[in-house]
Every structure is written in C-alpha cells, then in structure tokens.
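Work through the exercises below with the model open. Try each task before reading its solution.

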Amino acid sequence: MFENLSDKFERAFKVLKGQGSITEINVAETLKEVRRALLEADVNFKTAKDFTNTVKEKALGQNVLTAVSPGQLLTKITHDELTELMGGEEEQINFQGNPGVVLMSGLQGSGKTTFTGKLGNFLQKKKGKKVLLVACDVYRPAAIDQLHVVGEQIGAEVFSNRELKDPVQIAQQGISHARSNGYNVVIVDTAGRLAVDEQMMEEIERVKKAINPSETLFVVDAMTGQDAVNTAKAFNERIDFDGVVLTKLDGDTRGGAALSIRSVVEKPIKFIGTGEKMEAIDVFYPKRMADRILGMGDVVSLVERAQEQFDEEEAKKLHKKIKKNQFDLNDFFEQIQQIKKMGNMKDLLGMVPGMRKAMKGVEVDDEAFTPIEAMINSMTQKEKENPDIINHSRRQRIAKGSGTSVQEVNKLLKQFKDTKKMMRMMSDKRNMMNMMKQFK
Ligand code: GDP
C-alpha cells in the first residue's frame, strides 16, 4: 500500500538530511518534492498545494529542537498534517435504532456487496449485533445471488424479494422483517452502475428518503484515484452520505483517493477494505494511515518523545558551555539523565534510522549508567567542575565511595575527556543526541 508514495517522501526528506537548520530555502526544496509526490499519487492539485503551504508555515514557525534534525522535524510536521488531511480522529458509524439501518451506495464493481458482507461480519463479531442483509438490486439477479453467498459466508440472513421491482418497497419490507424478528442492524445493498447516471441517483435518493437510514455509506475503489473523488462528489451532492468506505487498498493504489476525499468532499473515510475475504475490513485511522504513507512512524515517535523531554533553554545553555569549553561532569551527569528519561536506550537508539542495524548484537541498557552515576555522585563539587584535579588518591576515594574500582574511575574520566573533546569538535551539532546520530 502506498509504497511509491512512501519512497518519494523519503527521498524528499533526504534533501534536508545533514542540514543544520530549517530555512525558507531548504524547506521550499523539500516541499517541492513532497508536492510532486502527492500529485503523482493522484492527489487533487488544490489539496496538494494547500497541504504543502500549511506544512511550510508550520515548519518555519517552529523552533528547531536540538535533539532532532530538521529532516526529522519536517517529517513529523508532514505526518501531523497528513493525519489532519485525512480527518484527524477516526469516526464511528451510527447503527443505533430499532433496527439501525445502514444504506450502502456506490458504483458497480466498487466492492459494495463485498463490503456489505464485511460490515455485517464486523458488526456481528465485534459489536455483538444481530444483522440482516437486504438485497435491493432489482436489475441484476446475479447481484442478489452474490449477496446470498456473502450472507452464507458470515452466517447472516439475507432478505430479498425477486418478485418486486421497486427497491424502496424491498428495503421497507426488509426493515419490517428485521423489526419483527429481533435484528439490531439492517444493511441495505443497493444497485450500482458502471458510471454515475441520473436513474441510479434518483433511485438511491428515493430509497434514502423512504427508509431514513441511521448511516449512509458511499463505497469507492481506491485504485481509481481522482475518479474516486469525483464520484464521491457526485454522490454526496445527491444523497449527502455520512461516510466513505475505501476498498481495494491492498492493491497497487497510489493513495490519492485516501488523501483527497476528505478535503474535497468534507466527509470522513470510516472504513477501508484490504482484500476479498470477509475479514479484510479495517476501521480507518488517519494517524495510522499517515504512519504507513510516510513509512517513518519510528522517526515520528522519536521526535514526539524528544519534544516532550527536551528543555530547549537547557540545551542552549549546554551548547554555550561546550563552546566555552566549560562542559563538566555535572553536565555529563545531566545528559545521562536526559537520555534515561527518554526511555530504554536500546528502544530509543533503535528509532534512529539505520541505527537498529548498527545496534544489532550490542547490549545497551540503562543499567550501564549505574556505576557512572555512582562515581560522579562520589565526587566533590570541585572535582565535578574541574576533573583535572582528580589525582590518584582522589580516584581511590571515589572508587571506594561508589563501590567501583580505580580502573573504572580512570575509564570514566577518560570517557569524559574524549566526550568533551568530541563535543567541542562538533559544537555546532550540540548535545549528546546529535552525537549519537553520527552513527547513522
Ligand atoms: P459491487 O459491484 O460494488 O457490489 O462490487 P463487488 O462487491 O462485487 O466487488 C467487485 C470485485 O472487487 C470483486 O471481485 C471483489 O472480490 C473485489 N473486492 C471487493 N473489495 C475488495 C478489496 O478490498 N480488495 C480487493 N483486492 N478486492 C476487493
């Protein structure tokens, strides 16, 4: 799903890799690539343009966190905006009523009948409802047969009446049948045609008016890209549906429909279909879809955690200290606390792209910091500020106080010295997180 789009996004963000800060120029360049990726995914032009403009505004208005690179920050902003574009939060369908009535609409071949079965299965299994399916296609007897097959698969009764030629009457009969037989939800499958036409629109409009469903869903094949959006628009103007079902997302879809429908039609996507089986139905979660599209969910959570934990003022102070060569063991200790706050080291490092591979077989855990903390805690304030004064007898005292050995104290002091040197060398790169990123 969306592999192409993910690749293109990744390439777009590479432009920013290694750049120290977000500027108008490098953001513009990255977003030009993002826009191109969206258009190639068959996203509506206006949607793509508005989208990149919003991301740009947000990016330029953001403080660049020292803990994350501009590329990572822009990824996060793009991710949040993609989520918004697709509607933000997931939306439920309304199947309340006695019985609750769900009306299905859409073109022939969109996956309407298949989805009627999937939804019935979902409501039976996940919501514990007693579901009746109603076949209202009066033009194609095969469509009625198909719904009976689907009903059998999910163990639900199917109501049909091959004598009647009026879908409104069939739907009404189905609903009374449901009411008198204790069904909680009725799903009404209607006739579709190969293209939008007046007769179909008039018919579905009539059915909707007559049965007053609690939920009207519009089913559309995601592979049809901008056509999907246009069809959605046409249906919405006539029947004012409540939600969209995007089918065939398991196929080689470019993703445009998922991204533009919400903003063009202003109706939420509520479910997706991801296969021909009755179980291949998912509630549509905009955030998860954005994760998949960007293929960079890990970077997004890294930035989120860094944003939660890092104190920008502290980071600035530290940067100054490093520049002036005043970085001492107190700061070293502080940095360890920061890293620990961000969670398990291995988890954290594993989130940095490329790092998981580099970390394979390496054991890093928070325990590793315990002796280091004990040693620093056994030092006097003077020693922490100026480790050069730590001579042999002081080292012996520190080792004893922290329950370590002189060798370990020597190792720590050497580590500290090397770190300080390295930090100064890369003082434009700021703190420990940036140092770690060098492993990429
Ligand atoms: P209808 O004419 O709108 O009722 O469409 P159908 O339910 O008959 O579906 C048309 C074709 O699409 C059938 O071959 C289905 O098996 C297939 N189909 C439906 N939903 C999905 C889906 O989510 N993924 C895939 N790959 N195929 C689907």
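**Exercise 1: Backbone outliers**

Proline 99 sits in the loop between H4 and strand E1 (100–106). Helices (H or I, at least four residues) and strands (E, at least two) are DSSP runs, numbered from the N terminus. The model is predicted: local features need pLDDT of at least 70, side-chain atom pairs count only at pLDDT 80 or more, and totals for chains, interfaces and linings use all residues. Residues are numbered from 1 along each chain as its sequence is written.

Task: State whether the peptide bond from asparagine 98 to proline 99 is cis or trans, then find the phi of aspartate 42.

Solution.
- Start with the norm: most residues other than glycine have a negative phi, and most peptide bonds are trans.
- Read omega for the bond from asparagine 98 to proline 99: it is near -5°, and the bond is cis.
- Move to aspartate 42: its phi is positive, about 70°, although the residue is not a glycine.
- Place aspartate 42: it lies in the loop between helix H2 (24–40) and helix H3 (45–60).

**Exercise 2: H5 against H6**

Task: Describe how H5 and H6 cross, and class the residues of their contact.

Solution.
- Recall the descriptors: two packed helices are described by the angle between their axes and the distance between the axes.
- Fix the convention: axes are lines fitted to C-alpha atoms, for helices over the stretch in contact, and angles run from 0 to 180 degrees between N-to-C directions.
- Apply it: the axes of H5 (residues 112–127) and H6 (residues 141–154) come within 9 Å and cross at roughly 25°.
- That angle makes H5 roughly parallel to H6. The cut-offs are under 35 degrees for roughly parallel, over 145 for roughly antiparallel, 65 to 115 for roughly perpendicular, and oblique for the rest.
- The crossing of H5 and H6 is right-handed. Right-handed means that the near helix is turned clockwise from the far one by less than a right angle; anticlockwise is left-handed.
- List partners: H5 residues including Thr113, Gly117 and Gln124 meet H6 residues including Ala143, Leu147 and Ile154. Contact requires C-beta atoms, placed from the backbone, within 7 Å.
- Class them: 4 are nonpolar, 9 polar and none charged in the contact of H5 with H6. Ala, Val, Leu, Ile, Met, Phe, Trp, Tyr, Cys and Pro count as nonpolar, Asp, Glu, Lys and Arg as charged, and the others, Gly among them, as polar.

**Exercise 3: Two further helix pairs**

Task: Assign an orientation to H4 with H11 and to H9 with H10.

Solution.
- The axes of H4 (residues 70–85) and H11 (residues 286–294) come within 8 Å and cross at roughly 135°.
- H4 is therefore oblique to H11. This crossing is right-handed.
- H9 (residues 225–239) and H10 (residues 256–265) pack at about 30°, with axes 9 Å apart.
- H9 and H10 are therefore roughly parallel. H9 passes H10 in a right-handed crossing.
- The contact of H9 with H10 has 7 nonpolar, 5 polar and 1 charged residues.

**Exercise 4: The ligand shell**

Task: Find how many residues surround the ligand, and which helix gives the most to the shell.

Solution.
- Count the shell: 18 residues surround the ligand. A residue counts as near if its C-beta atom, placed from the backbone, lies within 6 Å.
- Name the closest: Gly111, Lys112, Thr113, Thr114 and Gly273.
- Rank contributors: H5 gives the most, with 3 residues.
- Split by class: the shell has 1 nonpolar, 13 polar and 4 charged residues.

Technical notes: Two residues are in contact if their C-beta atoms, placed from the backbone, lie within 7 Å.
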